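Me: I would like to learn how to read side-chain features in a model. Could you take me through one?

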Amino acid sequence: MSIYAEEIRALADENRVDVLLVARPEQLIDTAGRSARGLKAVGDLPAPDALDEPVPAQFANFHDLLKARLLHLRQPIQIIRRSTWDEATRPPEGHSRQDEASRVWNLHVALYYKAGGVPWRLLRNPADLTTCYVGVAFYRSDGGSALSTSVAQVFNERGDGVIVRGGPARISRTDRQPHLARDDAHGLLLHALDAYRREHHTAPARIVLHKTSAFTDDEAGGFQDAADERFIDTLEMSWITSSEGAAAFRPGDAPPLRGTLVTLGERELALYATGSIEFHRTYPGMYIPRPIGIRPVHSARDSRALAAEVLALTKMNWNQTRLDGRLPVTLRTANQVKSVLRFCPSDQAVATRYAHYM
């Protein structure tokens with residue numbers, strides 16, 4: 001790791017490249033970037049300090065460790081396996097290789113974005129308010145003993161993102177989900193708005209905040225306090241679940257169409273962000289699609305407009321060419337970021353562009 005990091009720093013110091021490509025060692029075997037128990041989502045994280053459970057072991061991989069060491073560089077890095085460009089090299093066990101055209105498109109879209117380009121963007125009505133999109137997720141730091149907060153911001157329809165790190169969180173005994181104290185929620189959103197101003201030299205007129213766990217009254221109040229302090233009138237908050245218990249069915253064998261919205265209650269929506277695509281007349285996935293849940297805490301719009309915006313944000317992934325991601329980029333970004341932040345010192349200031357984490 002040190003050899004790679006030193007060489008990359010030397011190349012970056014020459015300041016003659018926009019993106020650095022890193023050939024990943026093929027003999028390296030990574031473990032999954034999750035706990036020993038295979039905990040998958042933030043809401044499933046245990047709280048060893050509060051619930052007297054053993055601390056889960058943390059595993060590392062080459063990508064996350066190298067990214068954590070090089071976050072301070074101006075140039076992003078792109079890590080690729082030899083099997084991506086060398087047909088004679090077999091992919092590692094458990095990995096499949098895409099067709100050559102897909103590999104070329106995905107790699108070049110990622111490089112174009114990291115070099116400062118915008119492959120695609122959201123359509124924006126001129127009458128719409130300038131919006132700051134914020135995603136809040138949680139991760140283990142300090143060897144798994146401390147629960148911290150990561151924030152991924154997607155600034156506008158261009159998708160310019162900056163990552164900021166929040167304060168500590170705790171698992172609630174009531175719902176076993178991670179939550180913030182009111183002051184920490186307040187400080188977190190203020191930090192995000194400061195990053196927005198540094199990036200765009202202005203304040204947004206509207207904030208859309210997505211979170212991976214339910215909102216407590218303290219969290220909602222803290223976020224609202226921050227919006228009020230910066231004189232931002234519109235703050236919309238939603239809990240986005242990674243799965244939903246309800247399922248929809250279509251006549252015949254095809255799964256529901258991507259974009260299908262099921263209203264389960266006044267504040268409970270199920271959205272198929274993946275599914276059959278009418279234009280292609282097929283379903284491009286391998287497994288039965290499951291909807292994500294949208295639980296709005298406060299929204300100025302109706303459920304259809306709320307779901308349409310979430311669906312649009314699932315297309316903002318410049319690490320590949322697919323336009324049907326399952327989670328909005330706010331939370332997918334936050335989930336990607338937390339795997340790198342685990343290896344950054346807790347006192348290290350983190351306010352880095354999203355491209356450095358990809």
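Reply: Let us go from the overall chain to ring pairs, charges over rings and salt bridges. This is a predicted model, where local features need pLDDT of at least 70, side-chain atom pairs count only at pLDDT 80 or more, and totals for chains, interfaces and linings use all residues. Residues are numbered from 1 along each chain as its sequence is written, and side-chain values use heavy atoms, with hydrogens and water left out.

Me: How many helices and strands are there in the protein chain?

Reply: Helices (H or I, at least four residues) and strands (E, at least two) are DSSP runs, numbered from the N terminus. Here the protein chain has nine helices and 13 strands. Buried means under 20% relative accessible area, exposed over 50%, and partly exposed in between, with a 1.4 Å probe and protein chains only. Of the 358 residues, 48% count as buried.

Me: How do I read an aromatic pair?

Reply: A pair of aromatic rings is described by the distance of the centres and the angle of the planes. Rings of Phe, Tyr and Trp (its six-membered ring) pair if their centres lie within 6.5 Å; planes under 30 degrees apart count as stacked, over 60 as edge-to-face and the rest as tilted. The count comes to three aromatic pairs. One of them, Tyr113 with Trp318, is stacked, at 4.9 Å centre to centre and 20 degrees between the planes. Tyr113 lies in helix α5 and Trp318 in the loop between α8 and α9, 205 residues apart. Both Tyr113 and Trp318 are buried.

Me: Why is the pair of Phe215 and Phe223 edge-to-face?

Reply: Because their planes stand at 75 degrees, with the ring centres 6.2 Å apart. Phe215 is buried at 14% relative accessible area, and Phe223 is buried at 0%.

Me: Which charged end sits over the ring of Phe215?

Reply: A charge sits over a ring if NZ of Lys or CZ of Arg is within 6 Å of the ring centre and within 35 degrees of the ring normal. For Phe215 the charged end is that of Lys211, 5.0 Å from the ring centre.

Me: And how do I read a salt bridge?

Reply: Look for a side-chain nitrogen of Lys or Arg within 4 Å of a carboxyl oxygen of Asp or Glu. The count here is 12 salt bridges. Among them, Glu236 pairs with Arg206, their closest N and O atoms being 3.5 Å apart. Glu236 is in strand β9 and Arg206 in strand β8, 30 residues apart. Both Glu236 and Arg206 are buried. Salt bridges with shared partners join Arg206, Glu236, Arg301 and Glu309 into one network.
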